[in-house]
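Let's take a friendly walk through a protein model, one stop at a time. Keep the sequence and the 3D view open as you read.

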Amino acid sequence: MVLAAWLVTPWGCESSSPKVRPDFRATAAPTRPGSVPSWAADAVWYQIFVERFRNGDPGNDPRPVDTRGAWPHLDASGWRVTPWGHDWYRQEDWERATGKGFYTTVHARRHGGDLRGVIDRLDYLVDLGVTAIYLNPINDSPSLHKYDARCWRHVDRNFGPDPDGDARIIASEDPGDPATWRWTAADQLFLALLEAAHSRGLRVIVDYSFNHTGATFWAWLDVVARQRRSPFADWYDVERFDDPATPANEFEYRGWAGVKELPELRKLGASEPERGVPLEGDLHPEVKRHVFAVVSRWLDPDGDGDPSDGVDGFRLDVAERVPVGFWRDFRVHVKSINPDAYLVAELWWESWPDHLLDPAPWLQGDVFDAAMNYRVYVPARSFITGAPPETDATALGESLLALLEGAHPDATRAMMNVVASHDTPRLATSLANPGKYKFRVSPRGNPDYHTGRPDADTRARQRLLLVLQFTWIGAPHIWYGDEVGMWGADDPDCRKPMVWDDIEHEDESIGPTGERRPPEKVRVDRDLLDFYRSLIRLRREHAALFRDGGIEILEAGSDDVFVFRRKDTHTHAVVIINRSSSPKKPALRLEPERIYVDALDRGTRLRSRRGRTQVPVGPLRAMILLPRSDG
């Protein structure tokens, strides 16, 4: 029996096929110029945290002067760049000398990852099969994460070959006048990265936060120095300026999430909305003008009207806290330069740990093309691991189908389906710890939290989760290193340096609180890497099916077995996921008298019967059944 069905239809097209509910479709048409780019639905995303991906040029490694202004503001004697293969929890001499614990000093570490390292590994990404790269912020910044920008108009000086020369160029410009902006060596290397990626068929998007700047941002430094006399005083959410007639410093301002290193930009005409409702209003017109100049620079670097040498879109941080009036104008501006640019928003914070934000109000065609879709992962993780809330196969199907409502199918197909990122535990570690997903989950204060190498059971469940991710509606996303088996708790443990075959990595023999534990080898998991490759290849070989095909949740007769069918006009696939540690034999209604081949195990074939066909599924196994063309 078909429990429920959902069919993806292109924007402007109607379908008579069954829907989840009559009101699942969006009511708004996309704003022109530009709608959801068609390439986004075919993408296999790979997210790169540049500082932790590859050190391609040790000559540009950060120095203390480059990191000044970043939390935790340690003046550490003997500070140096941490070796790439360093035992993660073991503090170096300079860290121990500060008297601070690991979870403070780790934020002062730098490993020297840079753009040359990304360029050097583009062929690795091509071989893996990914088609699109999402770069965490690369704007100039003193921190390792780069969300605390010194400026938005330039690439970080330590990501290019000439940090000191770039600093001189930046200092010579008028930040508020785009006519004075020049190209630094880091900027030029990034443009070379774009050219190299595009020549390999890879799209590239970059990450910006227009909710706040860093405390070393050029306009903010002027506000701090000149207070209300600064021409940028109205840019920020300043609660109280300093009164020079008093000895005390009364200067107070709002920092994002209370973090003073991230002064928030002021929202005009905005009031605190109900959660999940877009924030009305706008940003200051001069802020908007500056942002538009920055994004124009990266969308069409030579300004010739041809955006093929620019970025392919933007990932937009803390998007629900920026007024939607700004975002609507931002969309029009971006699409006027490159109608094929992709705009994906971070829309997920609502009330941890119980609710994730519904992105549908932002996905009606006039704001964003898609969102980072953490919402698919949460019920899938609950089903596969038993994490709360307890979820059986029926509940999983209902949850996943409900997530397809509200946004238009074009946006749903282009969703970035995320299972791990820079803001969450790594996939394997999340599955190995089946408690709460993210909120206040870490080894800090939780001695039972497993931070080491995942066991065989966890790896098997990781494969189950990946099968769902790569066959469900939306574009699958990989957080760098998950494909080679990396593990780690929530930030900062999810941001370890990438594991490479040609780099010797120390065994992990120290725990989060400094305790010694049995050493664990850190190396590439080749079996897992091959599994990722096989899923990517399968998705590419059946692109139309897994991009456009409808979804039917099928009755399996077992709470432990989740089954769904993807179907288009030419073919179909039946995906079976057995979360149980015991074998199962779901009785499924398949097309009768057909021979099916398991795409995950080419040696497995079965012939379907009239009525129901029993399908043997091993413990903690998944199958992707495809009808043989001559069957």
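A residue is called buried when its relative accessible area is under 20%, exposed when it is over 50%, and partly exposed in between, as judged with a 1.4 Å probe on protein chains only. What you see is a predicted model, where local features need pLDDT of at least 70 and side-chain atom pairs count only at pLDDT 80 or more, while totals for chains, interfaces and linings use all residues. Residues are numbered from 1 along each chain as its sequence is written, and side-chain values use heavy atoms, leaving out hydrogens and water.

Let's begin with the backbone. Helices (H or I, at least four residues) and strands (E, at least two) are DSSP runs, numbered from the N terminus. Gln227 is not a glycine, yet its phi is positive, about 55°. This residue sits in the loop between helix H9 (218-226) and strand E5 (238-240). Is Gln227 buried or exposed? With a relative accessible area of 11%, Gln227 is buried. Ala257 also has a positive phi, near 55°, and its place is the loop between strand E6 (252-253) and strand E7 (267-268). At 64% relative accessibility, however, Ala257 is exposed.

Two peptide bonds deserve a look as well. Trp71 and Pro72 are joined by a cis peptide bond with omega about 15°, and Pro72 belongs to the loop between helix H2 (64-67) and helix H3 (93-97). Another cis bond runs from Pro388 to Pro389, with omega near 0°. You will find Pro389 in the loop between helix H12 (374-385) and helix H13 (393-402).

Now turn to the strands. Strands of a sheet pair through backbone hydrogen bonds, either parallel or antiparallel. Here, two strands pair if DSSP finds at least two bridges between them. An open sheet is built from 8 strands with parallel pairing, in the order E13-E10-E9-E4-E3-E2-E15-E14. Strand E13 (370-371) and strand E14 (416-417) are at the edges with a single partner strand each, so one side of each has no neighbour in the sheet. E14 runs parallel to strand E15 (residues 475-479), joined to it by 2 bridges; in one of these contacts, Met416 has Ala475 in E15 as its bridge partner.

A hairpin offers a contrast. Strand E16 (residues 508-510) pairs with strand E17 (residues 516-520) in the antiparallel sense, over 2 bridges. Between E16 and E17 are 5 residues, and Gly514 in the turn has a positive phi of about 90°. Across the hairpin, Glu508 stands opposite Glu520 in E17.

Glu508 leads us to charged side chains. Side chains of opposite charge can pair when their charged atoms come close. A salt bridge is counted when a side-chain nitrogen of Lys or Arg is within 4 Å of a carboxyl oxygen of Asp or Glu, and the whole structure has 52 of them. Which residue pairs with Glu508 in a salt bridge? The partner is Lys496, at 2.8 Å from N to O. Lys496 lies in the loop between E15 and E16 and Glu508 in strand E16, so this pair ties together parts 12 residues apart in sequence. Both ends are buried: Lys496 at 6% and Glu508 at 4% relative accessibility.

Another pair spans a longer stretch of chain. Arg297 and Asp187 form a salt bridge whose closest N and O atoms are 3.2 Å apart. Because Arg297 lies in helix H10 (residues 285-299) and Asp187 in helix H8 (residues 185-199), the pair ties together parts that are 110 residues apart in sequence. Arg297 is buried at 10%, and Asp187 is buried at 0%.Our last stop is empty space inside the protein. A cavity is a set of points, on a 1 Å grid over the protein atoms alone, where a 1.4 Å probe fits but cannot get out, and its lining residues have an atom within 4 Å of a point. Grid points are joined across faces, edges and corners, and a volume is the space filled by probe spheres set on the points. The structure holds 8 cavities of 30 Å³ or more, and the largest has a volume of about 150 Å³. Among its 17 lining residues, Lys496, Val499, His505, Glu508 and Val522 are the closest to its centre.

Key: 1 Å grid on protein atoms, 1.4 Å probe; cavity = no way out; pocket = protein on both sides within 12 Å on 5 of 7 lines; lining within 4 Å.
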